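Please examine the sequence and the three-dimensional structure shown here. The paragraphs that follow lead through the fold, the charged contacts, one pocket and the aromatic contact.

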Amino acid sequence: MNVANLQLEGLLMAVASINHVLVRKGVLTSEEIDIALRKAEASETGEERSNGMSASSRDAVNFPIRLLELANQCQPEADMPSFSKLARMVGQMKEPYNDQL
């Protein structure tokens, strides 16, 4: 596996863990994190950004956001699922883009 992929995997899990700590300490709510992630996803799937992008490129851009959204849905007191489990869940929840309908 490409080392850069492993580094991104570690970074995503670190951000997910930090998000859980922020929720546990009452700095942010999971709803606030969810809103921020949804805004990030919306800006990345907006017409201007995704114009001319293939569906697989859009999936690649949105994968980390969606993984963090799923991690955010876990209870802060519970153990976070592994990266591979979260990645599998992202693949299962993926919906087609408007131009794929």
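How many helices and strands make up the secondary structure of the protein chain? The secondary structure comes to 5 helices and 0 strands, where helices (H or I, at least four residues) and strands (E, at least two) are DSSP runs numbered from the N terminus. Read from the N terminus on, the elements run α-α-α-α-α.

The model is predicted, and local features therefore need a pLDDT of at least 70, side-chain atom pairs count only at pLDDT 80 or more, and totals for chains, interfaces and linings use all residues. Residues are numbered from 1 along each chain as its sequence is written, and side-chain values use heavy atoms, with hydrogens and water left out.

Confidence is expressed as pLDDT, the predictor's confidence in each residue, from 0 to 100. The protein chain averages 87, and 89% of the residues score at least 70. Helix α3 (residues 47-50) has the lowest confidence, with a mean of 67, whereas α1 has the highest, at 93. Of the 101 residues of the chain, 31% count as buried; buried means under 20% relative accessible area, exposed over 50%, and partly exposed in between (1.4 Å probe, protein chains only).

The charged contacts come next. Side chains of opposite charge can pair when their charged atoms come close. A salt bridge is here a side-chain nitrogen of Lys or Arg within 4 Å of a carboxyl oxygen of Asp or Glu, and by this rule the count comes to 3 salt bridges. One of them joins D34 and R38, whose closest N and O atoms are 2.7 Å apart. D34 and R38 are separated by about one helical turn because they stand 4 residues apart in helix α2 (residues 30-45). With a relative accessibility of 17%, D34 counts as buried.

Which residue forms a salt bridge with E41? The partner of E41 is R66, and the closest N and O atoms of this pair are 2.7 Å apart. R66 lies in helix α4 (residues 55-72) and E41 in helix α2, so the pair ties together parts that are 25 residues apart in sequence. Both R66 and E41 are buried, R66 having a relative accessibility of 9%.

R66 also meets the side chain of D59 in a salt bridge, at 3.9 Å from N to O. D59 is placed in helix α4 and counts as buried because its relative accessibility is 18%. E41, D59 and R66 are thus linked in a network of salt bridges. D59 can also be related to a position further along the chain: its C-alpha atom is separated by 9.4 Å from that of G91, 32 residues apart along the chain.

Attention now turns to the second largest pocket. On a 1 Å grid over the protein atoms alone, a pocket is an open set of points with protein on both sides within 12 Å along at least five of seven lines, a 1.4 Å probe that fits but cannot get out marks a cavity instead, and lining residues have an atom within 4 Å of a point. Grid points are joined across faces, edges and corners, and a volume is the space filled by probe spheres set on the points. About 200 Å³ of space lies in the second largest pocket. Its lining consists of 10 residues, of which N5, L8, E9, F63 and F83 are the closest to the centre.

Which helices each supply at least two residues of this lining? They are α1 (3-24) and α4, and α1 gives the most, with 5 residues. By class, the lining has 8 nonpolar, 1 polar and 1 charged residues; Ala, Val, Leu, Ile, Met, Phe, Trp, Tyr, Cys and Pro count as nonpolar, Asp, Glu, Lys and Arg as charged, and the others, Gly among them, as polar.

Rings of Phe, Tyr and Trp (its six-membered ring) pair if their centres lie within 6.5 Å; planes under 30 degrees apart count as stacked, over 60 as edge-to-face and the rest as tilted. The count by this rule comes to 1 aromatic pair. F63 and F83 form this pair, which is edge-to-face, with 6.1 Å from centre to centre and 70° between the planes. The pair links distant parts of the chain, F63 being in helix α4 and F83 in helix α5 (residues 83-93), 20 residues apart. F63 counts as partly exposed because its relative accessibility is 24%, whereas F83 is buried, with a relative accessible area of 17%.

A last contact concerns helix α1, where R24 is found. R24 is exposed, with a relative accessible area of 52%. From C-alpha to C-alpha, R24 and E77 are 7.7 Å apart in space, although 53 residues apart in sequence.
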